[in-house]
Amino acid sequence: MKFNKAFVVNSLILAVYLCSSTVYGEEDITAKYLKNPSFEEDDISTLEYDSTRNAYIAEHLIGWELEGLEDIGSYGVSDIMNANTTATDNDFGPPGEPSDGKQMYYLRNAWTQSEILMYQVVILPAGNYKLSVNNKCVTKPNHQAYLMAGENEIPFIFENAMPEIWNKTSLYFNVKEENEMKIGVRTEFINAAGASILLDNFHLYSDPKSEEEISNEEKNAENEDDKFSIHKGTGSNKGSDSGIENIKIFSLNSLVVMLIVTCWMYIWY
């Protein structure tokens with residue numbers, strides 16, 4: 001049985017296209033709507049040096065609004081950190097490498113009650129969206145922090161020690177009609193020992209999922225407490241290596257489609 005080489009090549013190209021369009025349906029719109037998503041635009045040469053942590057004090061962030069920072073107390077911290085940072089607080093250890101680029105943002109509350117908002121104001125057209133951020137959250141008492149988009153939010157997972165691997169928290173939300181909203185992080189710190197959150201690599205996606213699909217994810221999440229957390233929206237907390245999962249899915253789908261195409265060619269040619 002003889003195969004036409006041009007037909008084989010075109011068939012394989014079609015197979016790869018079908019797989020890529022299936023797996024990578026969502027569109028990354030971060031550059032269009034978010035400024036300084038990985039804190040790379042904050043010039044540490046202009047910031048006061050934090051000798052305790054080998055970091056840089058950030059009372060303001062490029063592109064981000066910070067509200068309530070004055071309430072974090074005299075032992076509170078708002079720093080730009082990098083791979084050379086040697087410590088965080090409360091024996092939590094150094095932060096490790098940034099998840100993207102060379103810089104990350106660190107916020108710590110200490111012995112005071114505070115609610116801090118770190119956000120950007122964006123105008124989004126109607127549609128389904130996904131907001132994600134890499135994070136490391138550490139606490140001794142029961143503090144809370146949330147990834148937020150308008151009235152939608154999902155809590156971060158706090159751990160007892162600084163994790164080596166970044167967590168990736170994702171929030172799915174729907175915009176009914178074009179709307180102005182705040183996108184970012186909200187904290188609820190109680191009057192007790194410090195809580196620390198480390199943030200890097202915000203991303204915003206226009207997500208093709210329908211409301212029905214998102215609703216189904218919420219139902220599934222009720223039985224997967226370790227994988228999903230839900231609060232006024234739906235989303236997930238997991239390790240930040242999810243890109244590897246996408247590659248595996250893409251490779252598997254490609255193999256399946258290519259096998260189907262090959263069988264079809266064998267039968268008809």
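**Rings and cores: a short tour**

A search of the whole structure finds six aromatic pairs. Keep in mind that this is a predicted model. Let me take two of the pairs in turn.

Start with tryptophan 64 and phenylalanine 202. Their ring centres are 4.7 Å apart, and the planes meet at 45°. That makes the pair tilted. Where do the two partners sit in the chain? Tryptophan 64 is in the loop between strand 3 (55-57) and strand 4 (65-67). Phenylalanine 202 is in strand 14. So the pair links distant parts of the chain, 138 residues apart.

Buried or exposed, tryptophan 64? Buried, at a relative accessible area of 4%. Phenylalanine 202 is at 0% relative accessibility, so it counts as buried too.

Now the second pair, tyrosine 129 and phenylalanine 173. The centres lie 5.6 Å apart, with the planes at 20°. The pair is therefore stacked. Again, distant parts of the chain are linked: tyrosine 129 belongs to strand 8 and phenylalanine 173 to strand 12, 44 residues apart. Both tyrosine 129 and phenylalanine 173 are buried.

Back to the first pair for a moment. Tryptophan 64 and phenylalanine 202 belong to a cluster. Ring pairs join them there with Phe39 and Tyr105.

Next, the cores. The largest nonpolar core has 38 residues. Which of them touch the most other members? Tyr105, Met118, Leu124, Phe173, Leu199, Phe202 and Leu204. Several strands give two or more residues to this core, including strand 6 (104-109), strand 7 (114-124), strand 8 (127-139) and strand 12 (167-175). Strand 13 (179-189) and strand 14 (195-206) are also among them. Strand 14 supplies the largest share, five residues.

There is another core, apart from this one. It has seven residues, among them Ala55, Val77, Met81 and Leu198.

Let's look around phenylalanine 173. Leave aside its neighbours within four places in sequence. What is phenylalanine 173 in contact with then? The list includes Leu124, Gly127, Asn128 and Tyr129. Lys130, Leu131 and Ala149 are on it as well. So are Asn152, Met181 and Leu204.

Last topic: charges over rings. Lysine 130, one of those contacts of phenylalanine 173, has its charged end over the ring of tyrosine 205, 4.8 Å from the ring centre. Lysine 182 places its charged end over the ring of tyrosine 119. There the distance to the centre is 4.5 Å.

That's the tour. Thank you.

Definitions and conventions: Residues numbered from 1 in each chain as written. Predicted model: local features only at pLDDT ≥ 70, side-chain atom pairs only at ≥ 80, totals over all residues. Heavy atoms only, no water. Core = buried A, V, L, I, M, F, W, Y, C linked by side-chain atoms within 4.5 Å. Buried < 20%, exposed > 50% of the residue type's maximum accessible area, 1.4 Å probe, protein only. Helix = DSSP H or I, 4+ residues; strand = E, 2+ residues; numbered from the N terminus. Contact = heavy atoms within 4.5 Å. Phe/Tyr/Trp six-rings, centres within 6.5 Å; stacked < 30°, edge-to-face > 60°. Lys NZ or Arg CZ within 6 Å of the ring centre and 35° of its normal.
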